[in-house]
Amino acid sequence: MPHFKDPEIYRDILNGLQIGVSVLDLHKKIVFWSDGAEQITGYARIDVLGHSCADNILLHCNHNSCETCAGKCPMATALHDAKPVEAKSLIHHRSGHWTPVHTWAIPLRDKHGSIIAIIQTFESEFAVQGPSPNDRSMKERGCLDYATELPNHAMMQSHLREMLGTFAELQVPFGVVCLEVHELSQFRARYGQEAATSMLRVLARTLRNTIWPTDFVGRWSDDRFLVILSGCDEEALQAVSERMLRMAVRATIEWWGEELSVAVLIGSATALTGDSPESLLLRAQDALKGNGLAPHSRAVAAADANPSSTG
């Protein structure tokens, strides 16, 4: 098979994969970046080749707020233990939103068995839920919010009524999460409408990337998103809310040379027998209002809602 004697064929094979593939040398400099890596992260090869993974280019790393760098970096662990390491990480997309990924860090050895680099593969952990932003029929029917391209208030009301009907008939648990952009009007007044819209779009994409295909996320009001989580009890709802909060407060946009983020509040509630859309949302909103703001590394985040207080 003469074709497979050409080293370029293996590069083409790697570039043809739908997952992201990167290779880091022993100094953690990026020396290979696949087509899949470009698609998943938004960063082109020219942006990353030759850069360190600590330059806030590759995946979760930025030194300051990286959850995995504190002794748990999969690349460092794979290099230290000399064996493949599996992990769940976050990609900070070039556009500003965050995406959970399933990643492997694999030592690459030369013919003598010495480690010469680390291969990292990554693929999205969650499928993006909701209508495609390019779905013209949804737009023409007035089902999408113009700014975020998520389902609008009316669509989310419809989903919520449907979920409550299923819950009343089959007792399939579910919960809702309200996420509020704190002081959005002040952000809009300071930076302008275009900046506010960009920030909302980044938050919308971040939330869409956090949920499973059976869940729903939409824009509920000017400064509020609503997430409906199917098959979710109080314990699971707490875990998902915490993940949403961690990702939302890290969402950023680049605006005239400045990296902007926003403060968020989050509140949640699980469905109870006899609930109406209004009663369920009231408990989630009460939990949201009861949250106090606490400092975060680049933004301000709310303390998560206590399941015992959400009813």
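Two elements are in contact when heavy atoms lie within 4.5 Å. In this predicted model, the buried residues of helix α10 pack against α6, β6 (174-182), β7 (216-221), β8 (224-230) and β11 (263-270). The buried residues of α10 are Leu280, Leu281, Arg283, Ala284, Gln285, Ala287 and Leu288. Helix α10 covers residues 277-289. At 1.5 Å a residue, its 13 residues should span 18 Å, and the end C-alpha atoms are indeed 18 Å apart.

Helix α6 was examined in the same way. It holds 18 residues, 153-170. The expected span is 26 Å, which agrees with the 26 Å between its end C-alpha atoms. Met155, Met156, His159, Leu160, Met163, Leu164 and Phe167 are buried in α6. An α-helix has 3.6 residues a turn, so residues three or four places apart point the same way. Glutamine 171 follows α6 and has a positive phi, near 60°.

An open sheet contains five strands in the order β2-β1-β5-β4-β3, with antiparallel pairing. Strands β2 (30-33) and β3 (85-92) each have a single partner strand, so one side of each lacks a neighbour in the sheet. On average, neighbouring strands are turned by 30° against each other, direction ignored. Nine bridges join β4 (residues 98-109) to β5 (residues 115-124) in the antiparallel sense. Proline 107 stands opposite isoleucine 118 in β5. Helix α4 (residues 74-81) lies across β1 (20-25), β3, β4 and β5, and runs at about 140° to β5.

Cysteines were also considered. Cysteine 143 counts as buried because its relative accessibility is 14%, under the 20% cut-off. Cysteine 232, at 6%, counts as buried too. Zero disulfides were found in the whole structure.

Notes:
Residues numbered from 1 in each chain as written. Predicted model: local features only at pLDDT ≥ 70, side-chain atom pairs only at ≥ 80, totals over all residues. Heavy atoms only, no water. Helix = DSSP H or I, 4+ residues; strand = E, 2+ residues; numbered from the N terminus. Expected span 1.5 Å × (residues − 1). Buried < 20%, exposed > 50% of the residue type's maximum accessible area, 1.4 Å probe, protein only. Disulfide = S-S within 2.5 Å. Pairing = 2+ DSSP bridges. Axes fitted to C-alpha atoms, helices over the stretch in contact; angles between N-to-C directions.
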